[in-house]
Amino acid sequence: AFFDITASPIIDSDGNITSCMEIVRNVTDRKRVESALADSEAKYRTVVESSLVGVYIIQDGLFRFVNQRWCDIYGYSREEAVDRLDPVDLTPEEDRDRVRENIRKRISGEVKTLEYDIRAIRKSGDIIHIRILGSTMTYRGRPAISGTIIDITEQVRMEETLRAGEAKMRSIVENIGI
């Protein structure tokens, strides 16, 4: 059992301590809840930080949380991203309206979840392809967006190479009259 003890002196009119008042509270249940909360927090952090996908929270147009994988994909540190970067800033100009509209739809509650593929800009300036899976949430008492990103750049490049190869084969077949 855990107890919280508060003691206060009782002083008479001459300034002498005449007795002591003690308040003893059993805080065992509170300690149990605090311990369970700390365990839950540790599990959450472990899962999110060891995730193979980038995890983020966006609120008021800024990233409010990003995990390490998100940092690895984009090339930014947490310090450079959190409370500083707008998702639109990480998007090529011609795709920005789509990102703005998808954020608006989620924040307004028009849709609860979205999944889409889009190009993104790494800190280095390289263009990558990502798959976004996002949903709405409440963060610090206000509307926000949470989501995950997966770097699909290699998959997109392989698909483009395959399509180019198929087109070349069709051209060869048409030229030889098969």
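Colleague: Which helices and strands each supply at least two residues of the lining of the largest cavity?
Modeller: Strands E3 (54-59), E5 (113-121) and E6 (127-139) do, along with helices H2 (68-74) and H4 (96-108). Helices (H or I, at least four residues) and strands (E, at least two) are DSSP runs numbered from the N terminus. Keep in mind this is a predicted model: local features need pLDDT of at least 70, side-chain atom pairs 80 or more, while totals for chains, interfaces and linings use all residues. Numbering starts from 1 along each chain as its sequence is written, and side-chain values use heavy atoms, without hydrogens and water.

Colleague: Which of those gives the largest share of the lining?
Modeller: E5, with four residues. The lining has 18 residues, and Phe 63, Tyr 74, Pro 87, Val 99 and Ile 132 lie nearest the centre of the cavity (on a 1 Å grid, points where a 1.4 Å probe fits but cannot get out; lining means an atom within 4 Å of a point).

Colleague: New topic: how many salt bridges are there?
Modeller: The whole structure has 15 (Lys or Arg side-chain nitrogen within 4 Å of an Asp or Glu carboxyl oxygen). One of them joins Arg 119 and Glu 94, at 2.6 Å from N to O. That pair links distant parts of the chain, 25 residues apart: Arg 119 is in E5, and Glu 94 is in the loop between helix H3 (78-81) and H4.

Colleague: Is Glu 94 buried or exposed?
Modeller: Exposed, because its relative accessibility is 57% (buried is under 20%, exposed over 50%, partly exposed in between, with a 1.4 Å probe and protein chains only). Arg 119 has 26%, so Arg 119 counts as partly exposed.

Notes: 1 Å grid on protein atoms, 1.4 Å probe; cavity = no way out; pocket = protein on both sides within 12 Å on 5 of 7 lines; lining within 4 Å.
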